[in-house]
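Trainee: I am new to this structure and would be grateful for a close look at a single part of it, followed by an account of what surrounds that part.

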Amino acid sequence: MKIMIFGYPGSGKSTAAKIIGEKLNYPILNTDKILFNKGWVKKDINETNKLMKDFIDNNESWIIEGNATNNLFEERASLADIIIFTNLPRLVCYRQAKSRAKYFMDKEREDRPKDCKEKFTLSFRWWILFTSRIGKNRKKYNQILKKYKNKVINIKSRSELDIFLKLVIDNNSLEGLKNYERKN
C-alpha cells in the first residue's frame, strides 16, 4: 500500500503520517527532510527529486508526507493507493502551528532536517493563513483532488482527523484506510 499525505501547513500531516506509519510499520518520507539543508536552506530540485524517487523505488509500501508540489507531486499521486488531504480550516491550522511552534521551540523534530528549528515568523503565519491556499499550490491540490477523487480522503476538520486516526489505531489492518468514507 502506498499512501500520500498532503495539505495545509499546521493541518496534522506529520502526525497522521507518524500514526499510520507506526500502526502499519510503513517507512515514512517527510518531504521537509529532503527539501532542506541546515537552517532551512532549500536543496537543489534535482537532488530532492532523486531522493524522493529512490525512496519510492526502494520501498514496496510507503507513506510520503508533505506538499512539495514541485517534487514529483503528480507522480506520487498516481502511484498512491490512498491520498489523504488534510484540508482543515485556516484558523485551525494557524492555532495548531502556533501550538506546535511553542512546544518545539528550540527543539529538534524527527520529521525535519537536523538544525532546522521550529519557527513561527510573520511570513510563515501569512503562508498558513493565505499564501498556501491560493495560486499554483491550490491549483495543483485541486487537480490532484479531481483527477484521483476515487482514492482521496478529504479530511475537513480536526474532529474528522481525530476520528480517522482513531479508526487507523483501532483497526489492525488496512481495512480502516481502504474503507474510510470518501467525502470530497
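Which residues does Ala68 touch, not counting residues up to four places away in sequence?

Mentor: Please keep in mind throughout that this is a predicted model. Leaving aside residues up to four places away in sequence, Ala68 touches Thr31, Leu35, Phe73 and Arg76. Ala68 itself is found in the loop between strand S5 and helix H4, the latter spanning 73-79. With a relative accessible area of 11%, Ala68 is buried, because the cut-off for that word is under 20%. For a sense of distance, Ala68 and Asn87 are separated by 19 residues in sequence and by 16 Å in space, C-alpha to C-alpha.

From this loop one may turn to the sheet to which S5 belongs. The sheet is open and consists of 5 strands in the order S2-S5-S1-S6-S7, with parallel pairing. Strand S2 (28-30) and S7 stand at the edges with a single partner strand each, so one side of each has no neighbour in the sheet. On average, and with direction ignored, neighbouring strands of this sheet are turned by 15 degrees against each other.

Helices pack on this sheet as well. Helix H3 (residues 45-57) touches S2 and S5, and its direction makes about 155 degrees with that of S5. Helix H8 touches S6 and S7, and the direction of H8 makes about 130 degrees with that of S7.

The pairing can now be followed strand by strand, beginning with S5. Strand S5 (residues 62-65) and S1 are joined in the parallel sense over 4 bridges. Within this pair, Ile5 stands opposite Glu65 in S5. Strand S1 (residues 2-7) is also joined to S6 by 5 bridges, and these two strands run parallel. Here Ile5 has Ile84 of S6 as its bridge partner, while Met4 has Ile83 of S6. S1 is mostly covered, with 5 of its 6 residues buried.

Strand S6 deserves particular attention. In a regular strand the side chains alternate between the two faces of the sheet. In S6 both faces are covered: Ile82, Ile84 and Thr86 lie on one side, Ile83 and Phe85 lie on the other, and all are buried. Since 5 of the 5 residues of S6 (residues 82-86) are buried, the strand is largely enclosed by the rest of the structure. S6 also pairs with strand S7 (residues 152-155) in the parallel sense over 4 bridges. In that pairing, Val152 of S7 is the bridge partner of Ile83.

One further feature concerns H8, the helix that touches S6 and S7. Two packed helices are described by the angle between their axes and the distance between the axes. Helix H1 (residues 13-24) and helix H8 (residues 158-170) pack at an angle of about 15 degrees, with 9 Å between their axes. H1 is therefore roughly parallel to H8. Their crossing is left-handed. On the H1 side, the contact is made by Ala16, Ile19, Ile20 and Lys23, and on the H8 side by Leu161, Phe164, Leu165, Val168 and Ile169. The residues of this contact divide into 8 nonpolar, no polar and 1 charged.

Notes: Residues numbered from 1 in each chain as written. Predicted model: local features only at pLDDT ≥ 70, side-chain atom pairs only at ≥ 80, totals over all residues. Heavy atoms only, no water. Axes fitted to C-alpha atoms, helices over the stretch in contact; angles between N-to-C directions. Parallel < 35°, antiparallel > 145°, perpendicular 65-115°, else oblique. Left-handed = near helix turned anticlockwise from the far one by under 90°. Contact = heavy atoms within 4.5 Å. Nonpolar A, V, L, I, M, F, W, Y, C, P; charged D, E, K, R; others polar. Buried < 20%, exposed > 50% of the residue type's maximum accessible area, 1.4 Å probe, protein only. Pairing = 2+ DSSP bridges.
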